[in-house]
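Visitor: Could you take me through one part of this structure up close? I'd like to see how a single piece sits among its neighbours.

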Amino acid sequence: MLNNEKIEELCNISKRVRKNIIEMIAEAGSGHPGGSLSCADILVALYFHVMKVDPQNPGWEDRDRFVLSKGHAAPAIYAVLAEKGFFPVDELKTLRKIDSKLQGHPDMKKTPGIDMTTGSLGQGISAAVGMALAGKLDKKDYRVYAILGDGELQEGQVWEAAMAAAHYKLDNLTIFLDHNHLQIDGPVKEVMSPEDVSEKFKAFNWNVININGHDFYQIIDAVEKAKNFKEKPTAIIAETIKGKGVSFMENQVDWHGKAPSKEQAKEALNNLI
C-alpha cells in the first residue's frame, strides 16, 4: 500500500542510494554520477515497491525482469541491488576494480541481480523486448522493465525494438525514459534531437505516460496504469534532473562521466544529509 509512511521509506532509501553512488564513484576515480543520480528514484520505486524479486534467489524463474539499457549508470543499479540485499553494501567500494563483481557496466554473469549485460546503447531495450516476448510465449506473468537514456534514443536500434514491441503487443513491457536532457557531448536537443519523444512512441503504437521522475507517487501510479493497459507496451517519459540531489552536479553536463575528488565527494555527501 502506498501511503506517506511508504513514501518516506522510499525517500530515505533513495538518499542512501545517492550517497553510495557518490562514494563508490569517488573511490573508483571514474564513473558516471550525473545519469546515475537522475534515475535513482525510478530504480528505488521498482525494486522496493513494484517488482517481484528475491535477493536470496536472483535467478528465480518467475521474477520480474529489469534491464538498465543506459548501462553506464551502473552505479545506480549496484547501489539499489546492494540496498535490497543481493550483495553486501561494502562491496560497492570495489566498483571498477580488477576482479570485482561490479564493473563499469552491468554484467549478468558476475553480478547477482543483473538480468542483462548492457553498455552498448540501444541494445538493452532490444533484450527487454526479447524477455517480454519470451514471457508471452511461455505464458508467464512476470513483467519486464527497462530504463533508457534520452541520448540513447539517437540509436536506430531503439526504434527497431520499439516497433517489434508494438507489433507483438507486449503489454508486459514497461520502459522508463530517463529524460534529463543531457548527454556526454551536451544538451540532447543540440547533439541530435529525438523530440518530441512522447509523440514518437505514440507513433510507434505505444501507450505513453508523462511523469516527474523524482515523484514516487507519480512513478508508482504510472506503473500501475501500465499494468492495466492491454495490448500495447508502455513508455513512461520521466522528466528528471541530471545529478539530482547534489547541487553542483544538477543539470551540469560536465558530471556525465567524471568522478568527484575527495573534497567534492565530501561536499556532495553534505548535500545529501
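**A close look at helix H6**

Guide: Let's pick helix H6, residues 156-167, keeping in mind that this is a predicted model. H6 is made of twelve residues, and from its first C-alpha to its last it reaches 17 Å, close to the 16 Å expected at 1.5 Å a residue.

Now look at which side chains are tucked away. Val158 and Trp159 are buried in H6, and so are Ala161, Ala162, Ala165 and Ala166. Try turning the model until you look straight down the axis of H6. The buried residues fall within an arc of 160°, so they line one face of the helix.

What lies over that face? The cover for the buried residues of H6 includes two helices, H5 (123-137) and H8 (197-203), along with two strands, E2 (144-149) and E3 (173-179).

Swing round to the other side of H6 and the picture changes: Glu160, Met163 and His167 are exposed there. Here, exposed stands for over 50% relative accessible area, while buried stands for under 20%.

Follow the chain a little further as well. Just after H6 you come to Lys169, which takes a positive phi of about 50°.

So, to put H6 together: one face is lined by buried residues, because these fall within an arc of 160° seen down the axis. Helices H5 and H8 are among the elements covering those residues, and Glu160, Met163 and His167 are exposed on the other side.

Notes: Residues are numbered from 1 along each chain as its sequence is written. This is a predicted model: local features need pLDDT of at least 70, side-chain atom pairs count only at pLDDT 80 or more; totals for chains, interfaces and linings use all residues. Side-chain values use heavy atoms; hydrogens and water are left out. Helices (H or I, at least four residues) and strands (E, at least two) are DSSP runs, numbered from the N terminus. The expected span of a helix is 1.5 Å times one less than its number of residues. Buried means under 20% relative accessible area, exposed over 50%, partly exposed in between (1.4 Å probe, protein chains only). The arc is that of the directions from the helix axis to the C-beta atoms. Contact means heavy atoms within 4.5 Å.
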